[in-house]
Amino acid sequence: MSKKIIICITVLFFSGFMYAKGAFVEVGDPSFFSKGMRLFELKSDSKGNVFAGYVQDGNYSVAKFDGEKWSDVGKRNFTAEIGSVFYTDQETNYISFELDNEGIPYVALSSVKKLDNSFLYLIVMKYDYSDNSWKVIGKTGIADFETNWVSLSFSKENIPYLAFSGCSADVCKDYSETADEEYEYTPSSVMKFNGSEWVYVGEPMFDFNPEQPHYSGSNSISFGSDNTIYLAYNAWYPQSHDVFVTLKKYNGSSWESVSSKIEIKEWPVKVITGDGNTIYVAAANGIVRMENGEWVKIFEYAQSKETSVNVMCAELDSHNTLYASFFEQNQGETINQTIKLKKFIDGSWEDVFSKEKSAYDYFATSLVIDNENNPYIAYFNNDGRIVLMKYDPETGENPDDTDDDVSDEDETADEDKKDSGSSGCGLVVM
């Protein structure tokens with residue numbers, strides 16, 4: 001990112017699109033999407049294309065924005081019905097959309113087994129550009145038990161890794177006399193695809209202790225600069241009523257704790273690794289960073305009766321600058337909702353984008369940083385269609401275009417970017 005861009009987006013930006021130079025502009029046509037969409041995620045590849053994965057009518061679809069228009073990636077609604085159709089409205093539990101290091105789209109999801117509509121089987125699908133179709137990677141039903149909280153990621157060698165929650169072992173089962181029913185705890189597991197089949201990384205359900213059983217969710221995988229595998233998840237221990245985020249790393253043979261428990265508690269949870277193995281963990285109510293072996297809160301959002309944050313996304317650009325987007329709702333005599341985007345510079349947060357709308361206009365936000373370090377932010381409009389906003393450094397008028405020092409800095413931008421662009425994120429709370 002050039003010095004000019006940095007200067008431009010530090011200016012406060014409220015409810016409109018005017019900076020001195022550079023602004024967010026709406027791109028693409030929302031009418032490409034049908035009404036009634038739910039969860040969506042944004043990704044960006046190294047060519048500047050932006051991908052949106054979304055749920056509609058119980059199925060999943062992926063679209064691509066090439067800088068001018070949207071187009072379908074394969075056919076719409078290419079999956080079987082996802083688990084949430086029968087179990088919950090929280091599609092975040094059951095779907096993960098990602099691009100590999102070559103920009104090829106993958107989707108991992110728990111779908112409803114058509115035979116009896118009672119079992120969620122885990123599959124990973126890859127888009128095949130040669131015949132414009134989605135194909136299953138490995139077998140259908142990767143795990144032999146019901147799964148949720150699915151998360152897909154790629155190592156630096158472009159190996160797909162899959163984290164999920166679930167358990168079929170008797171040790172995970174319990175019985176409630178009050179409800180007169182049996183239920184299962186759902187610890188986390190991690191698998192990778194070795195080119196022919198999915199195999200476990202470490203032991204299945206590695207963190208489960210039958211003496212202190214727990215449910216885990218909101219799994220998130222990231223790879224450090226030395227390719228260390230990190231897994232963050234939210235753990236709930238019903239016996240003690242404790243809820244906290246846990247971070248593990250894989251030491252080559254087993255999973256071990258990185259540090260003490262993390263005090264941010266609200267899902268969704270995401271682990272992010274930057275240059276020099278800098279580790280961030282983001283949740284709906286805050287972001288922490290590892291400093292000298294301790295977690296330091298760099299962002300905290302205090303929930304209250306009047307104000308709540310529904311969604312948070314966090315992303316690093318190629319210069320290791322952290323961006324965070326969230327959806328804020330203030331409830332007083334009237335309900336006001338605001339989408340906000342901030343970035344973390346020199347130890348403080350600066351406003352990048354803020355847009356207010358009347359109540360219930362938004363159900364989700366999503367954030368991605370493209371291959372030129374320009375942020376995109378997206379949300380639903382009143383019709384339930386995606387509105388995509390892009391930061392355009394050339395929009396608007398600069399009152400002083402003669403600043404030769406600033407323009408000279410444009411040539412020093414770092415070109416060391418991921419092959420696939422930025423991973424992006426996006427969740428929905430219904």
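How many residues lie between β21 and β22 in the hairpin that they form? The legends below take up this question first and then turn to other close-up views of the structure, which is a predicted model.

**View 1. Strands β21, β22 and β23 are joined one after another by antiparallel pairing.** The hairpin formed by β21 and β22 has two residues between its strands. Four bridges hold the pairing of β21, which covers residues 279–283, with β22, which covers residues 286–291, and the two strands run in the antiparallel sense. Within this pairing, Tyr280 can be found opposite Arg289, a residue of β22. Strand β22 also pairs with β23 (residues 294–300), again antiparallel, and here six bridges connect the two strands. One of the residue pairs to look for is Gly286 with Glu300, the latter being the bridge partner in β23. The hairpin of β22 and β23 likewise has two residues between the strands, and in this hairpin Asn292 takes a positive phi near 55°.

**View 2. An open sheet is built from four strands in the order β10-β11-β14-β15.** The pairing in this sheet is antiparallel. Strands β10 and β15 (198–200) stand at the edges and have a single partner strand each, so that one side of each is left without a neighbour in the sheet. On average, and with direction ignored, neighbouring strands of this sheet are turned by 25° against each other. At the β15 edge, three bridges link that strand to β14, which spans residues 188–193, and the two pair in the antiparallel sense. A pair that can be picked out here is Lys192 with its bridge partner in β15, Val199.

**View 3. Asn158 and Asn227 are two loop residues that have a positive phi although neither is a glycine.** Asn158 belongs to the loop that lies between β10 (148–154) and β11 (160–165), and its phi is about 70°. Asn227 is placed in the loop between β16 (215–223) and β17 (229–237), with a phi near 70°. As for accessibility, Asn158 has a relative accessible area of 22% and is therefore partly exposed, since the buried class ends under 20%. Asn227 also counts as partly exposed, because its relative accessibility is 22%.

**View 4. Thr273 is a buried residue whose side chain makes a polar contact with Ser222.** Thr273 is part of strand β20, which covers residues 270–273. Its relative accessibility is 14%, and because buried means under 20%, Thr273 counts as buried. The side chain of Thr273 meets the side chain of Ser222 in a polar contact at 2.9 Å, and the side chain of Thr273 also reaches the backbone oxygen of Phe223 at 2.7 Å. When residues up to four places away in sequence are not counted, the residues that Thr273 touches are Ser222, Phe223, Gly224, Tyr230, Thr278, Ile279 and Leu316.

**View 5. Ser308 is a partly exposed residue in strand β24.** The strand that contains Ser308 covers residues 307–316, and the relative accessible area of Ser308 is 22%. In sequence, Ser308 and Phe327 are 19 residues apart, while in space their C-alpha atoms are 8.4 Å apart.

Terms used. Residues numbered from 1 in each chain as written. Predicted model: local features only at pLDDT ≥ 70, side-chain atom pairs only at ≥ 80, totals over all residues. Heavy atoms only, no water. Buried < 20%, exposed > 50% of the residue type's maximum accessible area, 1.4 Å probe, protein only. Pairing = 2+ DSSP bridges. Axes fitted to C-alpha atoms, helices over the stretch in contact; angles between N-to-C directions. Polar contact = N/O pair within 3.5 Å; in protein donor to acceptor, adjacent residues only side chain to side chain. Contact = heavy atoms within 4.5 Å.
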